[in-house]
Amino acid sequence: MYAELRSPNIHEPENLTSYTNIIQGYKDTVPFLWAGGTEIMSEEDFYPADRGSLEVVSLTRIEELHHFLRNDRYAEFGAMVPINDIAQAGKLVLPRILLDTINSTATRTVRERITIGGSLCTKRFKTSLSSTLMILDAAVELRYLKKRMHSKWFQLSRIYDKNGRLEIPQGALLSKVRIAIQQYDYQYFRAAGNPMSDPSGACSMALVARLEQSGISYARIIFTLPDKGFCYNRELDNLISGLHLPVSISAYSQLEDYVMEYIKNNLTQPSALQEARLKGIFHDMIKDINEKVLCLTG
Ligand SMILES: Cc1cc2nc3c(=O)[nH]c(=O)nc-3n(C[C@H](O)[C@H](O)[C@H](O)COP(=O)(O)OP(=O)(O)OC[C@H]3O[C@@H](n4cnc5c(N)ncnc54)[C@H](O)[C@@H]3O)c2cc1C
């Protein structure tokens, strides 16, 4: 049987001005943005060109989206900077947890394709990089059409709903990401499972904290289930911030029950494998923090 194959229209603007002109030329359709293509190309039904009527804007050649700027307080990356380059450029200054998160993502070759903008705008699943940037209070610049093209900075938490679903105006371009240059006394990131081949078994956890002699004075913690979203809330931060160190066995078991219950009530029921892995990661983190505190206090 003959099946009609149509090609999508592809635009390749070279700067933000021609990007804006292209977008403004569309009245009823919203063109589809293409960054590294790693999420798009791994969609089951993407080939052959089933979506022949699709209008694609490739972001690859937009010069401004490849810029990188740094001062004493923050680093700013254009959306098309590959995450591998961020890890290389920021090796000495960016929070260690960010480098750990990037280095745990896929392989080096794939990381050279994955862009920071694409990592924050995936729709089918949540990346662990978006979660880590949430607890680091990163900010993003969005460009969106509303009669004319607007560009505005938002805290990352403002572009997701409470479960991590992307909530930006349709067709909006995330153009820059700003990350504060600061380190924390304690940074912990662990991921388990493969979010691409087995998203319902994969999960990750990220925590940054400031430690006092006998307790934690500040903490931010986030759990990610790639197929479901992320669980982040000030209530969990406060719970961890109030901990006395080292954490005793009885306090630990109460804490673990509370955290797992919290994830179930505020995100969703994790799969059995995700639950077992989350418990393992959380347990290892508490053990690690206890060891650190015991070393410090002798
Ligand atoms: C082999 C493999 C292994 C992987 N392993 C991991 C892993 O271990 N952990 C993990 O978290 N993830 C993993 N991923 C997922 C990966 O993180 C995502 O595929 C990636 O973040 C998408 O980035 P991209 O630049 O390729 O975006 P694309 O695939 O080009 O785009 C993704 C989505 O974002 C939109 N978009 C892209 N850029 C912008 C922008 N600037 N503004 C607005 N919208 C935009 C696109 O329209 C599309 O909907 C893996 C992927 C692959 C292929």
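Modeller: Let's begin with a definition: a residue is buried if 20 or more other C-beta atoms lie within 10 Å of its own, exposed if 12 or fewer, and partly exposed in between. Keep in mind that this is a predicted model.

Colleague: Happy to. Let's try it on Ala-87: is this residue exposed or partly exposed?

Modeller: Partly exposed, because Ala-87 has 19 other C-beta atoms within 10 Å, and a residue needs 20 or more to be buried. For context, Ala-87 sits in helix H3.

Colleague: Which residues does Ala-87 touch, leaving out those up to four places away in sequence?

Modeller: Its contacts are Leu-99, Ile-102 and Asn-103. Take Leu-99: twelve residues separate it from Ala-87 in sequence, yet the C-alpha to C-alpha distance is 5.5 Å.

Colleague: On to helix H4, then. Which of its residues are buried?

Modeller: H4 covers residues 96-103, and its buried residues are Ile-97, Leu-98, Thr-101 and Ile-102.

Colleague: Why do they count as being on the same side of H4?

Modeller: Look at the directions in which they point from the axis. They cover an arc of only 135° around it, so they lie on the same side of H4.

Colleague: And what do the buried residues of H4 pack against?

Modeller: Their partners are helix H3 (83-89), helix H5 (108-111), H7, S8, strand S9 (186-192) and strand S10 (203-211).

Colleague: Now the sheet. In what order do the five strands come?

Modeller: Read a sheet by asking who pairs with whom. Here the order is S4-S5-S8-S6-S7, in an open sheet with antiparallel pairing. Strand S4 (68-70) and strand S7 (148-155) are the edges, each pairing on one side only. On average, neighbouring strands of this sheet are turned by 20° against each other, ignoring direction.

Colleague: Can we walk across it, starting at S4? How many bridges join S4 to strand S5?

Modeller: Three, and the two strands run antiparallel, with S5 covering residues 74-78. To follow the register, set Arg-70 opposite Ala-75 and Leu-69 opposite Glu-76. The connection between S4 and S5 is a hairpin of three residues. Next, S5 pairs with S8 through five bridges, again antiparallel; there, Phe-77 has Val-177 of S8 as its bridge partner.

Colleague: And at the other edge, how many residues of S7 are buried?

Modeller: The count is zero among its eight residues, so to speak hardly covered. S7 is joined to strand S6 (residues 139-146) by eight bridges, running antiparallel, and Arg-143 has Ser-151 in S7 as its bridge partner. One residue lies between S6 and S7 in their hairpin, and Lys-147 in that turn has a positive phi of about 65°.

Colleague: Last topic, the ligand. How many residues surround it, and which are the closest?

Modeller: A ligand shell can be read by membership, by origin and by chemistry. The shell has 31 residues, the closest being Gly-36, Thr-38, Gly-117, Gly-118 and Thr-127. As for origin, at least two residues come from each of strand S2 (32-34), helix H2 (38-41), helix H6 (116-121), helix H7 (128-135) and strand S8 (173-180).

Colleague: Which element gives the most to that shell?

Modeller: H6 does, with four residues. By chemistry, the shell around the ligand splits into 16 nonpolar, twelve polar and three charged residues. Notice too how S8 recurs: S8 pairs with S5 in the sheet, packs against the buried residues of H4 and contributes to the ligand shell.

Definitions and conventions:
Residues are numbered from 1 along each chain as its sequence is written. This is a predicted model: local features need pLDDT of at least 70, side-chain atom pairs count only at pLDDT 80 or more; totals for chains, interfaces and linings use all residues. A residue is near a molecule or strand if its C-beta atom, placed from the backbone, lies within 6 Å of it. Ala, Val, Leu, Ile, Met, Phe, Trp, Tyr, Cys and Pro count as nonpolar, Asp, Glu, Lys and Arg as charged, and the others, Gly among them, as polar. Two strands pair if DSSP finds at least two bridges between them. Axes are lines fitted to C-alpha atoms, for helices over the stretch in contact, and angles run from 0 to 180 degrees between N-to-C directions. The arc is that of the directions from the helix axis to the C-beta atoms. Two residues are in contact if their C-beta atoms, placed from the backbone, lie within 7 Å.
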